Amino acid sequence: MRRFALSALISLAAALPAAACDAPANAAQLAHVLMLEINQERGRAGLPALRMSPQLTQAAQAHACDSARHNRMSHTGTDGSSFGQRIIRAGYDYRSATENVALGYPEPGQVLRAWMRSPGHRQNILARRPNELGLGVARGRDGRTHWVMKSGLR
């Protein structure tokens with residue numbers, strides 16, 4: 001548990017300077033809680049826990065920051081990039097990958113509940129193939145929270 005918290009904090013902190021955006025002061029804690037809750041959902045479904053990936057975290061944080069800076073929510077980056085292109089850009093060579101985005105949920109449990117009520121997002125969380133995860137959290141100019149989850153398998 002402590003190893004994960006340190007890993008998540010280091011991964012998120014490493015992603016923030018390059019992203020140059022307004023991340024909540026407790027962004028690492030928010031990501032940590034969301035990771036735990038995602039893995040609890042996976043455990044209830046009989047699936048293995050996902051481990052944090054620094055590259056997926058970098059890609060997720062960059063997209064959360066891009067979304068927050070432009071006050072939008074989309075799977076397409078403002079530069080026209082797809083989620084797969086952004087993952088590769090972060091140095092993650094994948095065999096399969098997914099992305100979830102959300103806007104406006106202040107707490108990890110709220111965003112997870114919303115994703116679990118959406119068939120496509122739920123499918124991404126409960127996918128059998130991924131074994132790694134990256135999370136990004138940013139605050140838009142309007143104060144709303146932008147969330148990005150990326151999962152992958154190398």
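# Exercises on a predicted chain

Glu-99 is found in strand 2, and we will come back to this residue in Exercise 4. Strands (E, at least two residues) and helices (H or I, at least four) are DSSP runs, numbered from the N terminus. The model is predicted, so local features need pLDDT of at least 70 and side-chain atom pairs count only at pLDDT 80 or more, while totals for chains, interfaces and linings use all residues. Residues are numbered from 1 along each chain as its sequence is written, and side-chain values use heavy atoms, with hydrogens and water left out.

## Exercise 1: Get your bearings

Find the order of helices and strands, and check the confidence of the model.

Solution.
- Start with the elements: the chain has 6 helices and 4 strands.
- Next, walk along the sequence, where the pattern reads α-α-β-α-α-β-α-α-β-β.
- Then turn to pLDDT, the predictor's confidence in each residue, from 0 to 100. The chain averages 90, and 87% of the residues score at least 70.
- Finally, look at residues 1-19, where pLDDT stays under 50.

## Exercise 2: Follow the disulfide

Which cysteines does the disulfide join, and where do they sit in the chain?

Solution.
- Apply the rule: a disulfide is a pair of cysteine sulfur atoms within 2.5 Å. The count comes to 1 disulfide.
- That disulfide joins Cys-21 to Cys-65, with an S to S distance of 1.9 Å.
- Now place both ends: Cys-21 lies in the loop between helix 1 (2-19) and helix 2, and Cys-65 lies in helix 3 (residues 54-69), so the pair links distant parts of the chain, 44 residues apart.
- Last, compare their cover, where buried means under 20% relative accessible area, exposed over 50%, and partly exposed in between (1.4 Å probe, protein chains only). Cys-65 is buried at 0%, whereas Cys-21 counts as partly exposed at 23%.

## Exercise 3: Build the sheet around strand 4

Which strands pair with strand 4, and in what sense?

Solution.
- Recall that two strands pair if DSSP finds at least two bridges between them.
- On one pairing, strand 2 and strand 4 are antiparallel over 8 bridges; here Thr-98 stands opposite Ser-151.
- On another, 8 bridges join strand 3 (residues 132-139) to strand 4, again antiparallel, and Arg-139 has Thr-145 as its bridge partner.
- Strands 3 and 4 form a hairpin with 5 residues between them, and Gly-143 in the turn has a positive phi of about 90°.
- Check the cover too: 9 of the 9 residues of strand 4 are buried. One side includes Trp-147 and Met-149, and the other includes His-146 and Val-148.

## Exercise 4: Look around Glu-99

Is Glu-99 buried or exposed, and what does its side chain make a polar contact with?

Solution.
- Glu-99 counts as buried, at 5% relative accessibility.
- A polar contact is a pair of N or O atoms within 3.5 Å; within protein, one must be able to donate a hydrogen and the other to accept it, and residues adjacent in sequence count only if both atoms are side-chain atoms. The Glu-99 side chain makes one with the side chain of His-75, at 2.7 Å.
- For contacts (heavy atoms within 4.5 Å), leave aside neighbours within four places in sequence: the partners of Glu-99 include His-63, Phe-83, Arg-86 and Asn-124, along with Val-148, Met-149 and Lys-150.
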